[in-house]
Each structure stands twice: as structure tokens, then as C-alpha cells.
Amino acid sequence: MNRVSVTEPIVEISHLCYSIDGLDILHDINLTVNKGDFISVIGPNGGGKTTLLKLILGLLKPTRGTITMEINKEKPSGRFAIGYVPQHVNHNLSFPATALDVVLMGNHKPGRRFRFGNTAVDRDHAHQTLERLGIGDCAGRKIIALSGGQRQRVLIARALVSQPKLLVLDEPTASIDTKGQTEFYELLVELNKELTILMVSHDLLVVSNYAKSFACLNRRLHYHQSFGSSVEVFDAFYSCSVEEMCPVDVISKDKSGVMNEADHD
Amino acid sequence: MIDALQFEFIRNALFAGLLASIICGVVGTLIVVNRLVFLSGGIAHSAYGGIGLAFFMGWPYMLGATSFAFASSMIMAAVSLKSKQRADTIIGVMWSVGMATGILFLDMTPGYNVDLMSYLFGSILSVPGSELISMGCLTAGVLFLIFFFYDDLLAMSYDEEFAQVRGVAVRPLYFMLIGTVAITVVIVVQVVGLILVIALLTIPPYISEKYTKSLLQMMMLSILLGMVFITAGLWGAYRYDLTSGATIIFVAGAGFFLSLLVDTLFSMRERRLWLKAHE
């Protein structure tokens with residue numbers, strides 16, 4: 001499970017703060033995402049997980065601190081090197097579009113005018129992406145006629161079709177059943193061979209089984225570069241959450257060294 | 001109907017209906033998929049304030065209605081972006097205050113008072129040729145704008161957040177869409193009335209959505225359905241001497257319930273076939 005710790009960073013977050021109406025949502029976040037990582041962000045509701053993803057995606061601007069995208073330097077068109085899979089699958093269901101059309105939206109480039117369709121090359125590529133995710137036969141069906149799991153795969157295909165270097169997922173299994181979840185995470189491990197994954201998840205077991213490293217986020221972030229067993233994940237998670245809730249505990253914990261300083265990035 | 005075509009007012013009415021169904025099919029599709037029906041209703045009703053203001057100040061109708069509808073649509077767009085949770089309440093308030101303002105302005109206007117009914121149900125049978133030309137120009141303008149930004153509008157309509165991640169300037173585009181709705185409403189209200197606008201903006205796209213596989217197809221089928229409803233309604237109004245606007249809405253409503261009935265029958269048939277196959 002342990003990862004070889006070399007590599008090129010693709011996202012560097014340093015001293016990032018984000019606040020709304022004077023309320024600190026994120027405080028002094030430092031995180032480096034390296035190529036080939038499979039990082040899972042865990043934390044309680046309201047801990048700022050989705051906010052962090054939105055900051056990375058560029059949907060929000062940081063109040064303080066910086067997010068440096070190494071992937072942006074190669075491609076000036078910036079954020080396109082990130083593929084994004086949203087939390088809600090059952091969104092705008094009756095929209096008149098086929099699975100293939102939704103995937104093709106992943107190629108969207110703003111500024112194209114009077115454009116009403118896609119080239120044969122793009123369509124072929126989108127079809128291959130769907131085939132790769134095992135739902136090639138759904139290409140021509142409307143999204144309302146798909147199951148939750150199939151829709152999830154369509155959204156992943158939409159994120160993958162632009163060939164990103166980093167795949168960002170926000171609680172991707174919220175609407176999939178247990179069997180579907182297992183298949184889904186195995187798919188992610190497969191995809192991780194080629195691209196970097198940053199995922200928000202509630203499920204600690206999943207994190208310990210599939211992710212290479214994890215980060216606890218509750219206003220502050222604690223990055224755990226590697227871990228031995230699922231027990232370690234649970235321990236780390238609960239100590240991280242408690243720490244935020246009880247300031248006295250923070251001091252005693254920091255002093256007693258329950259959270260190994262080396263683990264903090 | 002053929003013998004009716006000898007009358008100029010019937011030809012004008014058909015032409016106005018044609019233009020209305022084109023613009024309503026295209027803009028209405030975007031309204032339905034972006035869930036802006038209530039907001040469009042709000043814009044249409046608050047345009048009443050503009051009509052009243054125009055009469056009070058002695059301005060031309062278009063100036064008062066367009067500026068009022070446009071201003072209120074921009075406020076509604078800002079509100080619906082800023083506080084999504086309570087946007088419907090604020091739109092509801094503007095809806096009724098707009099109408100009330102219009103009526104108060106008309107009360108204060110000395111002398112002749114216009115018939116407000118004609119703005120509710122329109123007067124498609126008395127559209128002058130000159131109005132058709134200005135309506136045609138505005139329709140062309142709105143269509144140009146929408147097709148110019150079609151790809152971005154498609155991405156935003158399906159998934160606003162994803163469109164933003166891909167670099168679409170979602171906010172300006174949203175304001176543009178709402179502005180287009182305001183212009184559409186003003187153009188079409190003048191000809192077919194406020195209630196018919198809402199019916200034409202919503203009923204054809206709603207029916208089309210179920211039978212089409214892309215936004216463009218949905219727009220085309222909506223236009224076609226709008227034309228069928230308007231022509232059939234006009235024929236009924238002419239043949240049985242009924243109020244044209246109300247007849248058109250009635251036909252559209254009948255089409256709406258017919259499509260629901262057809263859907264139900266189809267799903268019942270499929271269920272029967274399934275049961276037979278699994279006996």
C-alpha cells in the first residue's frame with residue numbers, strides 16, 4: 001500500500017485560507033499533489049471538503065494563500081487538465097441529451113460560436129471512452145433511461161474524455177449501491193495507473209482499501225502520506241476530528257505526539 | 001380555412017403566430033431546461049408596470065415595456081444567482097408589484113383607459129403589418145444571439161458548474177439568457193398576450209422534451225408544435241367565432257393533456273406486453 005515518495009508535484013497548495021462572511025471555512029491548508037497520487041480527503045460535514053475541491057477547480061478564489069497548478073504551465077488553457085466528477089448524479093435528468101452527448105460536453109471549449117454538433121473524431125473518441133468504462137451500449141440512450149451507476153460512469157467518461165492529468169471526484173459514490181461502489185473503486189484504481197486522483201469520500205473503509213494516501217480536513221488539513229492498515233486510518237481520522245472540536249485536546253495531543261509531526265505536510 | 005386567407009388580418013395573424021412559435025420554441029426550450037418558467041412569468045407580469053408607465057408618460061408601448069421588463073429581469077437574475085433558496089419568493093413579489101404598478105399608472109392616466117384584457121390574451125387578429133416587421137427583426141436578433149452562443153448555452157443548461165470548470169463565463173451568459181427572455185416576452189405579449197406567452201413558452205417544449213434526444217431537436221419540435229397549436233387555434237376561433245388567444249391556449253392545453261394520455265397508454269401497453277412475456 002505504501003507509495004514510493006518521489007515525483008513531480010502537479011498541484012501545490014500553500015497557506016491557503018478561505019472564509020465566507022468572516023467565517024473561516026479553510027485555514028492554512030498546505031497540500032502537494034504529486035503525479036500518480038490517489039489521495040482521499042476525509043472529514044466531517046461542513047469541514048470544507050467540497051470548498052477545497054472548488055478552490056482547486058478554480059470555481060472559488062482563495063481568500064489568502066496560493067494554489068499553483070503545475071499542469072497549467074504546460075497548457076496555457078489551464079484548468080482543462082483537470083477532469084471533474086460532481087457529487088450529484090441525478091441532476092437535470094429529463095434534459096434532452098444522450099449519454100454520448102453528455103460525454104462530448106467534456107470536450108467543451110468556450111468561445112466556439114455557431115456550433116451545433118461534434119466532429120466524427122470527437123464522437124469516436126467519446127464512444128471509446130464509454131466502451132472503456134464498460135457502458136458503450138448506453139451511448140445512444142437518453143440520460144433519464146440510465147441507472148444511477150451508469151450515469152456515474154457517464155459523468156466519469158465526461159471527465160476523462162478531455163484526457164486530463166488530474167481527476168477530481170466529489171463523494172462519487174453517494175448514489176451507488178454497495179456492489180456498484182466496489183466496481184467503481186476498482187475502476188478508479190485501474191485509472192490511477194495513468195492519472196492522478198483526488199477524491200472526497202465519507203467512507204473510511206474505502207479509503208483504507210483503495211487510496212494510496214489520505215488527508216483529514218476539518219477547517220485545517222492533516223495529510224497522511226502513507227498508512228499501514230485501516231486501523232491507522234480510523235485512528236487518524238478520529239484524532240483529527242476531535243482535535244478541531246476541542247482546543248484543549250489539540251495542545252495535549254500535539255505535545256504528546258499522538259499525531260506524528262512527520263505526517264503533517 | 002383556405003377561404004379565410006383572403007382576409008389580410010388572417011394572413012397577418014398566421015404570420016404573427018408563425019414568428020411567435022419560432023421565437024417561443026427556441027427561447028421556451030431554454031426556459032424549460034433551465035427551470036426558468038416562474039422567472040419568465042415574473043418578467044411577463046412585471047412588464048405590466050412598464051405598459052402602465054408608458055401610457056402615463058405618453059411614451060410608445062415598446063419603450064416602456066422593454067425597459068421595465070429588462071430592468072426587472074436583470075434584478076430577478078441577480079437575485080436568483082445570489083440567493084437561490086428564496087429566489088421564487090422575491091420573483092413572486094416583483095410579479096405582483098409590477099402588475100399593481102401598471103394598474104396604478106393607468107388609474108392616474110387621465111382620459112381614455114386601455115383595455116387591460118387585450119394585454120392578457122392579446123389581439124392576434126388585429127396585428128398591423130408594420131408590427132410584423134419589427135417583430136420579425138427582433139426575432140431574428142434573438143435567434144442570432146442564441147445560436148451564436150449555442151454551444152455555451154448547451155453546456156450551461158445541462159450542468160452549470162461543469163460549464164464553469166470548462167471555462168464558460170456562466171454569469172454573463174445567464175444574464176444574457178434572462179435578457180433574451182425579457183425581450184421575447186415583450187415582443188410576443190404585444191401580439192398574443194401575456195397568458196399565451198407563458199403557454200407557448202412552456203407547453204410545446206415540455207411535450208417535445210420527452211420525444212427528442214438533443215436540445216436542437218427539442219427546439220425544432222417545439223416550433224412545429226407551436227405552429228400546429230396556433231394554426232388550429234386560429235382556425236377554431238375563426239370557424240366558431242371565439243376569442244383567438246383563449247382558443248389557441250385551449251388547443252395547446254389539449255395537446256398537453258393528449259401527450260400525457262399517450263404516454264400513459266404507451267407505458268400501460270409496455271407493461272401488458274411485459275406481463276404477457278413473463279407469463
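Leaving aside its neighbours within four places in sequence, which residues is Ala69(B) in contact with? This question opens a set of exercises on a predicted model, each followed by a worked solution.

**Exercise 1. Describe the surroundings of Ala69(B), and decide whether this residue is buried or exposed.**

Solution. Begin by placing the residue: Ala69(B) belongs to helix H3 of chain B, which covers residues 61-82. Next, list its contacts beyond four places in sequence, which are Ile43(B), Ala47(B), Ala182(B) and Val186(B). One of these partners, Ala47(B), stands 22 residues away along the chain, and yet the C-alpha atoms of Ala69(B) and Ala47(B) are separated by 4.6 Å. Finally, turn to accessibility: the relative accessibility of Ala69(B) is 0%, so this residue counts as buried, the cut-off being under 20%.

**Exercise 2. Outline chain B as a whole: how many helices and strands are there, and what percentage of its residues is buried?**

Solution. Counting the elements gives 12 helices and zero strands in chain B, and reading from the N terminus one therefore meets an α element at each step of the series. Of the 279 residues in this chain, 51% are buried. As for contacts in chain B with a separation of 6 or more, 76% of them are made by residues 24 or more positions apart.

**Exercise 3. Examine helix H7 of chain B, and find how many of its residues are buried.**

Solution. Helix H7 of chain B runs over residues 150-158 and is mostly covered, with nine of its nine residues buried. Among these buried residues are Tyr150(B), Asp152(B), Leu153(B) and Tyr158(B). Leu153(B) appears again when the largest nonpolar core is examined, where Phe95(A), Leu167(A), Leu188(A) and Leu153(B) touch the most other members out of 124 residues. The largest share of this core, 15 residues, is supplied by helix H9 of chain B, residues 170-192. Another core, of 31 residues, lies apart from it and includes Leu16(A), Ile25(A), Leu26(A) and Leu52(A). As a general background, nonpolar side chains in soluble globular proteins tend to be buried together.

**Exercise 4. Describe how helices H1 and H11 of chain B cross, and state which classes of residue make up their contact.**

Solution. First take the geometry: the axes of H1(B), residues 8-33, and H11(B), residues 215-240, come within 8 Å and cross at roughly 145 degrees. Then take the handedness, which is right-handed for the passage of H1(B) across H11(B). Last, sort the residues of the contact by class, which gives 17 nonpolar, seven polar and no charged residues.

**Exercise 5. Work out the order and pairing of the three-stranded sheet in chain A.**

Solution. The order of this open sheet is E2-E1-E4 in chain A, and its pairing is antiparallel. The edges are formed by strand E2 (23-34) and strand E4 (64-69), each of which pairs on one side only. From one strand to the next, the twist averages 15 degrees. Eight bridges join strand E1 (residues 9-20) of chain A to E2(A), and in E2(A) the bridge partner of Leu16(A) is Ile29(A). Helix H1 of chain A (residues 49-57) packs on this sheet and touches E1, E2 and E4 of chain A, while its direction makes about 120 degrees with that of E1(A). In the hairpin of E1(A) and E2(A), two residues lie between the strands, and Asp21(A) takes a positive phi near 50 degrees.

**Exercise 6. Do the same for the six-stranded sheet of chain A, and identify its edge strands.**

Solution. The strands of this open sheet follow the order E5-E6-E7-E3-E8-E9 in chain A, with mixed pairing. Strand E5 (82-85) and strand E9 (220-224) of chain A are the edge strands, since each pairs on one side only. E5(A) and strand E6 (residues 166-170) of chain A pair in the parallel sense over four bridges, and Tyr84(A) has Val168(A) as its bridge partner in E6(A). Helix H6 of chain A (residues 178-191) packs on the sheet, where it touches strand E3 (38-42), E6 and strand E7 (196-200) of chain A. Leu188(A), for its part, touches Phe38(A), Leu167(A), Leu169(A), Ile197(A) and Met199(A), not counting residues up to four places away in sequence.

Key:
Residues numbered from 1 in each chain as written. Chains lettered and ligands numbered in written order. Predicted model: local features only at pLDDT ≥ 70, side-chain atom pairs only at ≥ 80, totals over all residues. Heavy atoms only, no water. Buried < 20%, exposed > 50% of the residue type's maximum accessible area, 1.4 Å probe, protein only. Core = buried A, V, L, I, M, F, W, Y, C linked by side-chain atoms within 4.5 Å. Contact = heavy atoms within 4.5 Å. Axes fitted to C-alpha atoms, helices over the stretch in contact; angles between N-to-C directions. Left-handed = near helix turned anticlockwise from the far one by under 90°. Nonpolar A, V, L, I, M, F, W, Y, C, P; charged D, E, K, R; others polar.
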